[in-house]
Amino acid sequence: MGHAPVLSLWKSGELPEDRSLRESIHYSGRKAARAKSEFRRLQILEATLRIAARDGLRGIKHRAVAREARVPLASTTYYFRDINELISDSFMLFAEKAREDLSRFYDTINLVLDNIPEDTLHRGGQGRLELAGRLTSITTAYLTQQFSERREQVLAEQVFLMESLRDERLADLARTYRSAWTAGLEQILHRLDSPAPARDASLLVNVVLGLGYDTLLNRRVADAKALEQSVHRIICMILGV
């Protein structure tokens, strides 16, 4: 009975927090009127993200970005008035891509839950351990891809989130970004009958950020087996099995 409103929300589409993130993504730089111009603008923003991941925000300079993007120096100043606008818009692009990627992951989890017996969704129900195994496999595959194949994206995320502690212009988007991330998890945890879905969702986000940080700090490719064991332990605790 407690699942009905959340299930209805899942079926109806976008969560309010996800919509809020989408609506918060506003680019400040010059708008591109033609496809070729839009392609160049995106080249510049992608190059900025690569520099942020490799050298941190201190490495983002018009000349360095132009060299990385392989575009004329004048292009960076044409689309972006200053470095702050370039940094802000690159974070917008990062948040937009991350939102789409995370939405696909949450959709996968929700589709699995759609085909799970109602009793299994309830705490103490039959089949919870098997469900934990399925969720572990999906989550481990997702995180392994993030920490290994998309290592640069994870590093850029850490750079921007740290910078948002100092830059209020980035802080608003960072808070909205985290809210959308947490809200998707909270909705899933509601379906799994968590006694404290908001708290558990926040804890999970912190754990994932920590796992990403540890992987980057130790300069290693994610150990899939160790990651699977950690994910399984966390999921079992949350599911109460």
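Select helices α8 and α12 to begin, and look at how they cross: the crossing of this pair is right-handed, a term that applies when the near helix is turned clockwise from the far one by less than a right angle, whereas an anticlockwise turn of that kind makes a crossing left-handed. The helices named here are DSSP runs of H or I with at least four residues, and strands are runs of E with at least two, numbered from the N terminus. Colour R128, L129, L131, A132, G133, L135, T136, T139, T140, L143, T144 and F147 on α8, then A224, L227, E228, V231, H232, I235, C236 and L239 on α12, and you have the residues that make the contact, where contact means heavy atoms within 4.5 Å. Sorted by class, this contact holds 12 nonpolar, six polar and two charged residues; Ala, Val, Leu, Ile, Met, Phe, Trp, Tyr, Cys and Pro count as nonpolar, Asp, Glu, Lys and Arg as charged, and the others, Gly among them, as polar.

What you see is a predicted model, in which local features need pLDDT of at least 70 and side-chain atom pairs count only at pLDDT 80 or more, while totals for chains, interfaces and linings use all residues. Residues are numbered from 1 along each chain as its sequence is written, and side-chain values use heavy atoms, with hydrogens and water left out.

Stay with the same pair and turn to its geometry. The axes of α8 and α12 come within 8 Å and cross at roughly 135°; axes are lines fitted to C-alpha atoms, for helices over the stretch in contact, and angles run from 0 to 180 degrees between N-to-C directions. The two helices are therefore oblique to each other, since angles under 35 degrees count as roughly parallel, over 145 as roughly antiparallel, 65 to 115 as roughly perpendicular and the rest as oblique.

Next, select L239 in helix α12. Is L239 buried or exposed? L239 is buried, because its relative accessible area is 1%, and buried means under 20% relative accessible area, exposed over 50% and partly exposed in between, with a 1.4 Å probe and protein chains only. Leaving out residues up to four places away in sequence, L239 touches R123, R128, L131, A132, L135 and L192. If you add G124, you will find its C-alpha atom 8.5 Å from that of L239, although the two residues are 115 apart along the chain.

Move along to A141, which is found in helix α8 and counts as partly exposed, at 49% relative accessibility. The C-alpha atoms of A141 and L227 are separated by 9.5 Å, with their positions 86 residues apart along the chain.

Now keep α8 and bring in α6. These helices pack at an angle of about 165°, with their axes 11 Å apart, and are therefore roughly antiparallel to each other. The contact is made by D101, L102, F105, T108, I109, V112 and L113 of α6 together with L131, R134, L135, I138, T139, Y142 and Q146 of α8, and by class these residues divide into nine nonpolar, three polar and two charged.

From here, look at the largest nonpolar core, which has 64 residues, and in which I60, L113, F160 and L192 touch the most other members. A nonpolar core is a set of buried Ala, Val, Leu, Ile, Met, Phe, Trp, Tyr and Cys residues joined through side-chain atoms within 4.5 Å. Which helix gives the most to this core? Helix α6 does, with 14 residues. Select L113 and show its surroundings: not counting residues up to four places away in sequence, L113 touches L121, L131, I188, R191 and L192.

Another stop is T48, in helix α3, which counts as buried at 0% relative accessibility. Leaving aside neighbours within four places in sequence, T48 is in contact with I60, V65, L86 and S90.

Two loop residues come next. R70, in the loop between α4 and α5, counts as exposed at 77% relative accessibility, and its phi is near 60°, a positive value in a residue other than glycine. D193 lies in the loop between α10 and α11, counts as partly exposed at 30% relative accessibility, and has a positive phi of about 65° although it is not a glycine.

Finally, show the whole chain, which has 12 helices and zero strands. Of its 241 residues, 48% count as buried.
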